[in-house]
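Grab a pencil and keep the viewer open. Below are some exercises, each with a worked solution, to help you find your way around a protein model.

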Amino acid sequence: MELFLAMLPLLLCYIIFNLFKLGYQKKDHCCYMLSYQCHKATEDQKLDTVSCAKIVTRNKNLGIEEYRFLLRTMVSSGIGEQTYSPKNVIEGREESATHMDAVSEMDGIIFQTLDKLFAKTGVSPSEIDIIVSSVSLFSPAPSLTARVINRYKMREDIKAFNLSGMGCSASVVAVDLVKQLFKTYKNSLAIVVSTESMGPNWYSGKDKSMMLSNILFRTGGCSMLLTNNRALKHKALLELTCSVRTHIGSNDEAYSSCIQVEDGLGHKGFRLTRDLPKAGAKALTINLRVLLPKVLPLSELLRYKISYYRNKIMKRPTSEAAGPGLDLRSGIDHFCVHPGGRAIIDEVGKSLALNDYDLEPARMALYRFGNTSSGGLWYVLGYMEAKKRLKKGDKILMISLGAGFKCNNCVWKVMKDLEDTNVWQDCIDQYPPKTIDNPFSEKFDWINDESMNFARIEDFLPQIQLLA
């Protein structure tokens with residue numbers, strides 16, 4: 001007993017020391033976003049109804065059924081006429097894209113956004129300590145980060161990382177990687193570049209599950225400046241408070257639901273299967289089971305547990321329309337959903353019981369810019385900011401889904417009232433439009449006429465070209 005009493009002060013000191021150490025480490029681990037810049041392509045890259053018709057008619061592998069499929073899918077896609085396509089596709093070289101086409105596409109997106117980022121923040125490229133690029137379908141040598149380092153003559157001790165094959169959720173992966181690196185590298189500045197190589201990956205076959213990517217994916221990207229230097233906290237737009245990554249690639253159906261393959265004729269493309277919504281719902285559910293307890297108040301978690309067990313004991317049925325059962329707004333103010341397609345946005349909205357106001361930013365980003373892969377989330381964030389929704393202290397839940405299959409989500413805290421119109425500057429007053437009907441329906445609905453079943457492709461191609 002005397003020995004225990006003698007050791008007790010030492011034990012208490014040890015416990016107090018470790019509590020202080022844990023608190024200091026948590027305080028020391030921070031990740032602030034100082035700025036971000038989204039890419040906006042030139043007017044000659046716009047993919048309107050006319051341009052789409054020209055591209056479709058160039059594909060000699062398509063017949064009347066494929067045209068009908070494209071029409072139905074395009075009309076229901078949620079994409080408008082203001083999106084952008086790679087230059088080689090606009091120029092009619094989608095089947096013969098070169099390595100330099102891919103390099104030029106990446107240079108145009110990455111250098112434009114970084115030039116604006118450095119100019120806006122006043123940060124010199126020589127001050128950057130870490131750089132991460134996330135481009136899934138293009139991995140040249142030297143790497144894309146090497147091209148950035150060479151272009152801006154960055155320091156020799158910069159830490160460079162290149163992420164490939166991560167799909168549409170790569171941006172959150174890159175941000176999470178920076179957060180982990182910040183634990184080792186103190187008072188650092190980091191650049192994250194997120195985009196996708198579309199030009200060399202345009203699908204020229206007729207497999208319907210692979211034609212979807214041509215309809216949904218568009219040119220775009222974003223560059224971000226992050227820091228863990230608390231002296232720059234007053235300049236920060238956002239603070240990363242939580243990030244959770246989920247990977248269900250061990251499931252065969254999920255793994256194959258979004259995959260790059262060749263069709264039976266050797267045309268390379270991205271196959272999106274019917275298992276994709278199921279894989280997305282599963283990955284999102286698993287992710288939120290870990291993330292939500294970190295961001296929702298204890299009172300809401302207790303209320304949910306009590307309600308859950310009461311319903312279980314009383315054998316009450318649970319409606320799917322009720323969402324996850326938790327009041328997400330008790331800890332989340334805004335929902336930044338990946339604009340992967342209308343079906344994805346609607347499914348996430350249904351799963352989380354979100355309303356039209358919550359989903360408006362994702363739907364408008366999809367309508368205006370299309371699915372820009374890993375850069376898409378930042379167009380959604382930009383819409384929220386341009387609409388002056390983001391106020392100091394608000395919490396933003398970013399939801400991203402990608403090939404693998406992955407769900408990577410994070411929560412940001414708004415550090416000041418945000419009102420920059422950014423990439424939406426010239427059109428934000430026009431959104432949301434009264435209707436987001438696609439003009440393809442009005443111009444090409446005659447394709448669905450039963451009489452076309454007996455028409456030869458030579459008979460209706462001139463009509464398509466004439467309307468275009």
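Before you start, here's how to sort residues: Ala, Val, Leu, Ile, Met, Phe, Trp, Tyr, Cys and Pro count as nonpolar, Asp, Glu, Lys and Arg as charged, and the others, Gly among them, as polar. Keep in mind that this is a predicted model.

**Exercise 1: the largest pocket**

Find which residues lie nearest the centre of the largest pocket, and work out how its lining divides into nonpolar, polar and charged residues.

Solution.
- Step 1. Start with the space itself: the largest pocket has a volume of about 790 Å³.
- Step 2. Its lining is made up of 32 residues, and L216, L276, P277, A343 and I344 are the ones nearest the centre.
- Step 3. Now ask where the lining comes from. Two or more residues each are given by α3 (64–75), α8 (208–216), α10 (276–295), α12 (342–352) and β10 (395–402). The biggest giver is α12, with six residues.
- Step 4. Sort the lining by the rule above, and you get 17 nonpolar, twelve polar and three charged residues.

**Exercise 2: the nine-stranded sheet**

Write down the strand order of the open sheet and name its edge strands.

Solution.
- Step 1. Strands of a sheet pair through backbone hydrogen bonds, either parallel or antiparallel.
- Step 2. Going across this open sheet of nine strands, you read β3-β2-β4-β5-β1-β6-β11-β10-β9, and the pairing is mixed.
- Step 3. The edges are β3 (159–163) and β9 (334–337), each of which pairs on one side only. From one strand to the next, the twist averages 20°.
- Step 4. Zoom in on one pair: β2 (residues 130–134) and β4 (residues 189–195) run parallel and are joined by five bridges. Within that pair, S134 has S194 of β4 as its bridge partner.
- Step 5. Add the helices. Helix α6 (residues 144–152) packs on the sheet and touches β2 and β3, with its direction at about 135° to that of β2. Your pocket helix turns up again here, since α12 lies across β9 and β10 and runs at about 130° to β10.

**Exercise 3: a hairpin**

Which way do β7 and β8 run, parallel or antiparallel, and how many residues lie between them?

Solution.
- Step 1. β7 (residues 258–262) and β8 (residues 268–272) run antiparallel, with five bridges joining them.
- Step 2. Look across the pair and you'll find Q260 opposite F270 in β8.
- Step 3. The two strands form a hairpin with five residues between them, and G266 in the turn has a positive phi of about 90°.

**Exercise 4: a salt bridge**

Where in the chain do the two partners of the salt bridge between D426 and K40 sit?

Solution.
- Step 1. Side chains of opposite charge can pair when their charged atoms come close. The cut-off here is a side-chain nitrogen of Lys or Arg within 4 Å of a carboxyl oxygen of Asp or Glu.
- Step 2. D426 and K40 meet at 2.6 Å, N to O.
- Step 3. D426 is in the loop between β11 (406–414) and α15 (440–444), while K40 is in the loop between β1 (32–38) and α2 (49–58). The pair links distant parts of the chain, 386 residues apart.
- Step 4. For the whole model, the count comes to 19 salt bridges.

**Exercise 5: the second largest cavity**

Name the element that gives the most to the lining of the second largest cavity.

Solution.
- Step 1. This cavity has a volume of about 40 Å³.
- Step 2. Its lining residues are D333, H334, F335, Y357, D358, P361, M384 and R389.
- Step 3. Both β9 and α13 (356–369) give two or more residues, and α13 gives the most, with three.
- Step 4. Sorted by type, the lining has four nonpolar, one polar and three charged residues.

Notes:
Residues are numbered from 1 along each chain as its sequence is written. This is a predicted model: local features need pLDDT of at least 70, side-chain atom pairs count only at pLDDT 80 or more; totals for chains, interfaces and linings use all residues. Side-chain values use heavy atoms; hydrogens and water are left out. On a 1 Å grid over the protein atoms alone, a cavity is a set of points where a 1.4 Å probe fits but cannot get out, and a pocket is an open set with protein on both sides within 12 Å along at least five of seven lines; lining residues have an atom within 4 Å of a point. Grid points are joined across faces, edges and corners, and a volume is the space filled by probe spheres set on the points. Helices (H or I, at least four residues) and strands (E, at least two) are DSSP runs, numbered from the N terminus. Two strands pair if DSSP finds at least two bridges between them. Axes are lines fitted to C-alpha atoms, for helices over the stretch in contact, and angles run from 0 to 180 degrees between N-to-C directions. Contact means heavy atoms within 4.5 Å.
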